[in-house]
Amino acid sequence: MKRRLAREIAVQSLYQMEMNEVSASEAVNMLINEAAEENETEVEIRDEEKMRSYVTEMVQGAWGHKEAIDGLLVDYLKGWQLSRLSRVDRQILRLSTYEMVFRDDVPAKVSVNEAIELSKYFGTDESGKFVNGVLGRMIQEVDSIKQKLS
């Protein structure tokens with residue numbers, strides 16, 4: 001299972017949930033089925049059930065901690081309001097914050113780098129720099145954030 005692909009599907013699922021008010025499993029299932037059928041990227045999903053399980057866990061985790069995550073993001077969005085961000089950037093920031101703060105299986109630096117790559121892929125020309133700036137400030141304090149939230 002490729003975690004990059006899992007993160008792409010997770011970001012798209014979070015976007016679907018916010019836009020269409022569907023459940024995590026509905027969004028994940030729709031996107032994985034679509035990826036498997038259309039396969040425009042020519043990426044083979046080797047273990048579809050493992051991918052589905054992992055992505056669903058990440059999406060449910062990020063969505064379940066959305067209030068805490070959004071509260072954290074507000075502290076690191078210098079001069080920005082969360083509601084004014086593009087929906088794509090908001091989902092990428094939520095997913096990366098979830099990985100850094102609420103999971104122990106992904107190093108914080110990896111999560112930030114993946115978020116930057118996702119924002120370059122899904123976002124605007126400025127998204128990568130913006131996401132890097134926000135998460136770059138957060139990663140410096142990630143240990144104290146984890147202690148505060150536990």
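The legends below describe an overall view and several close-up views of a predicted model.

**Figure 1. Overall view of the protein chain, which has eight helices and zero strands.** From the N terminus on, the order of elements is α-α-α-α-α-α-α-α. The radius of gyration is 15 Å, close to the 15 Å that the globule rule gives for 150 residues, so the protein chain is as compact as a globular protein of that length. Along the principal axes, the C-alpha atoms fill a box of roughly 40 × 35 × 30 Å. Of the 150 residues, 43% are buried. When contacts between residues at least 6 apart in sequence are considered, 70% of them join residues at least 24 apart.

**Figure 2. Surface and charges of the protein chain.** The exposed area is about 8400 Å², and carbon and sulfur atoms supply 44% of it. The protein chain carries 20 positive and 27 negative charges. The mean position of the positive charges and that of the negative charges lie 7 Å apart.

**Figure 3. Close-up of the buried residues of helix 4 (residues 66–76).** The buried residues here are Ile69, Asp70, Leu72, Leu73 and Tyr76. They span an arc of only 160° around the axis, which puts them on the same side of helix 4. An α-helix has 3.6 residues a turn, so residues three or four places apart point the same way. The partners against which the buried residues of helix 4 pack are helix 3 (48–64), helix 5, helix 7 (127–139) and helix 8 (142–149).

**Figure 4. Close-up of Val74, a residue of helix 4.** Val74 has a relative accessibility of 49% and counts as partly exposed. Val134 is 60 residues away from Val74 in sequence, and their C-alpha atoms are 9.8 Å apart in space.

**Figure 5. Close-up of Arg90 in helix 5 (residues 87–102).** Arg90 counts as buried because its relative accessibility is 9%, below the 20% limit for buried residues. Not counting residues up to four places away in sequence, Arg90 touches Glu18, Leu82, Ser83 and Leu85. One of these residues, Glu18, belongs to helix 1 (3–20).

**Figure 6. Close-up of Ser119 in helix 6 (residues 108–122).** The relative accessible area of Ser119 is 0%, so this residue is buried. With neighbours within four places in sequence left aside, the contacts of Ser119 are Asp89, Ile92, Thr124, Ser127, Gly128 and Val131. Among them, Asp89 and Ile92 fall within the residue range 87–102 of helix 5. Ser127, Gly128 and Val131 fall within the range 127–139 of helix 7.

**Figure 7. Close-up of Glu21 in the loop between helix 1 (3–20) and helix 2 (24–38).** The phi angle of Glu21 is positive, at about 55°, although this residue is not a glycine. Glu21 has a relative accessible area of 74% and is therefore exposed, the limit for exposed residues being over 50%.

**Figure 8. Close-up of Asn29, a residue of helix 2.** Asn29 has a relative accessible area of 28%, so it is partly exposed. Ile9 and Asn29 are 20 residues apart along the chain, and a distance of 9.8 Å separates their C-alpha atoms. Ile9 falls within the range 3–20 of helix 1.

Note on methods. Residues are numbered from 1 along each chain as its sequence is written. This is a predicted model: local features need pLDDT of at least 70, side-chain atom pairs count only at pLDDT 80 or more; totals for chains, interfaces and linings use all residues. Side-chain values use heavy atoms; hydrogens and water are left out. Helices (H or I, at least four residues) and strands (E, at least two) are DSSP runs, numbered from the N terminus. Buried means under 20% relative accessible area, exposed over 50%, partly exposed in between (1.4 Å probe, protein chains only). Contact means heavy atoms within 4.5 Å. The radius of gyration is taken over C-alpha atoms; the globule rule is 2.2 Å times the number of residues to the power 0.38. Accessible areas come from the Shrake-Rupley method with a 1.4 Å probe; for residues, only the protein chains shown count as cover. Lys and Arg count as positive and Asp and Glu as negative; His and the chain ends are not counted. The place of a charge is taken as NZ of Lys, CZ of Arg, CG of Asp or CD of Glu. The arc is that of the directions from the helix axis to the C-beta atoms.
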